[in-house]
Amino acid sequence: MTSRARRRATPREVATRVLAWYAEHARPLPWRDGATPYEVLVSEVMLQQTQVATVLRYFRRFLDRFPDVRSLAEASDDELLGLWAGLGYYRRALNLRAAAQAIVRHFNGTIPRDLAALRALPGLGDYTARAVLLFAFDLPEVPIDANLERVLARLLGEDRPIKSREARARLEGFVRELFRFGPPQTLVHALMDHGALICTARSPRCDACSLRPLCAAAREGRVHELPVKNGRTQVQHEHEWRTVLLDKAGRTLIWRRQQHRRWGGLWEFLRVDARDNGPDSGGAEDAVVAALQEKGLCARFLLAGKPIRYQVTRFRITAVPWLGKWISGHPIGLPDDEHTEAAWVEVATINRWPMSTPQRRIANWLGRVLPTIEATSP
Ligand code: SF4
């Protein structure tokens, strides 16, 4: 009992060890030391559901175009979504602009240093608001991300579901204790980096870990059991066709998504549900032609592309591009629940239209097959 108590993770010892490790191994991220509150805000929104390595490819380019709150508040849909294309979860971009507009309107362009005011901004949940207060203003808030959850659950041997109120209260209380022994901002960055580089989800490097002598999970052989999730989300499989129409002038028809929908404001090829007739079935042509007729369009099937697979939240989607020759008609019933408008665009210029990554892959496929279609067309 005595030796066990001695090896428990005390806040002082954890802070000392993790700060020493961080002094040598900190990741040089552009939204850390010396970043403005605006840069911190942009980075935190980009980092929601997105890997650091991905955000690094977008962060500077975004700031070059929108260097401050006011320029972002005035951004057009197309430019904003164009710069965000590929980062995913596009609603974040629209919310970030709405937050910038609210900051201009209510706070004269200055990001507020207040939890309630930050949480009231579009797209800022509890975690992001706390992260902004800590990283932008050095206020002792506790943002607990997946890295902190993992490191602390293992270190403390916390085996209640990690999202439960009890587990979170324990983790937050422990971090607040740590704050007595080092700068809050540096401590949280250190724990985040430790979770990203050493105490990783799949391959924790316990042998190289300076916290190992204090770690309950390593001591008890439970590293891979912690943290305890609340239960796995069931993955759902979906099949769809994406209708790629070509007119006589070599243009293709794309549709703009409603703002309140996933990928709001972006352009796409019209989706036809393939739940009843999987993309490989012979029912594809009839189902797609009928769906197009409902939209006021008459078309003839030319060829199908290879399936494109992608995942969005819990949906694993298989999309098959259905290439057809436009015969007659124009989109009717717009705007509807899904789309605001449709546009015929030159295939050669399609990359200028903001699209999600899966739709961009279909557009690229179209660019590749178009010369063969043109060569064989009567
Ligand atoms: S000893 Fe292993 S499980 Fe414990 S904190 Fe270090 S890397 Fe994580």
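**View 1. Cysteine residues Cys209 and Cys298 in the predicted model.** Cys209 has a relative accessibility of 17% and therefore counts as buried, since the cut-off for that class is under 20%. Cys298, with a relative accessibility of 28%, counts as partly exposed, because this value lies between the 20% limit for buried and the 50% limit for exposed residues. As for bonds between cysteine sulfur atoms, the structure holds 0 disulfides.

**View 2. Helix 11 (residues 165-178) and its buried residues.** The 14 residues of helix 11 should span 20 Å at 1.5 Å a residue, and the end C-alpha atoms are indeed 20 Å apart, so the expected span and the computed one agree. Within helix 11, the residues Ala167, Leu171, Phe174, Val175 and Leu178 are buried. These residues cover an arc of only 100° around the axis, which means that they lie on the same side of helix 11. The partners against which the buried residues of helix 11 pack are helix 2 (11-25), helix 10 (146-156) and helix 12 (184-197).

**View 3. Packing of helix 9 (residues 126-137) with helix 12.** The axes of helix 9 and helix 12 are 9 Å apart, and the two helices pack at an angle of about 125°. Helix 9 and helix 12 are therefore oblique to each other, because an angle between 115 and 145 degrees falls in that class. On the side of helix 9, the contact is made by Tyr127, Leu134 and Phe135, and these residues meet Pro184, Gln185, Val188, His189 and Met192 in helix 12.

How values were computed:
Residues numbered from 1 in each chain as written. Predicted model: local features only at pLDDT ≥ 70, side-chain atom pairs only at ≥ 80, totals over all residues. Heavy atoms only, no water. Helix = DSSP H or I, 4+ residues; strand = E, 2+ residues; numbered from the N terminus. Expected span 1.5 Å × (residues − 1). Buried < 20%, exposed > 50% of the residue type's maximum accessible area, 1.4 Å probe, protein only. Arc of directions from axis to C-beta. Contact = heavy atoms within 4.5 Å. Disulfide = S-S within 2.5 Å. Axes fitted to C-alpha atoms, helices over the stretch in contact; angles between N-to-C directions. Parallel < 35°, antiparallel > 145°, perpendicular 65-115°, else oblique.
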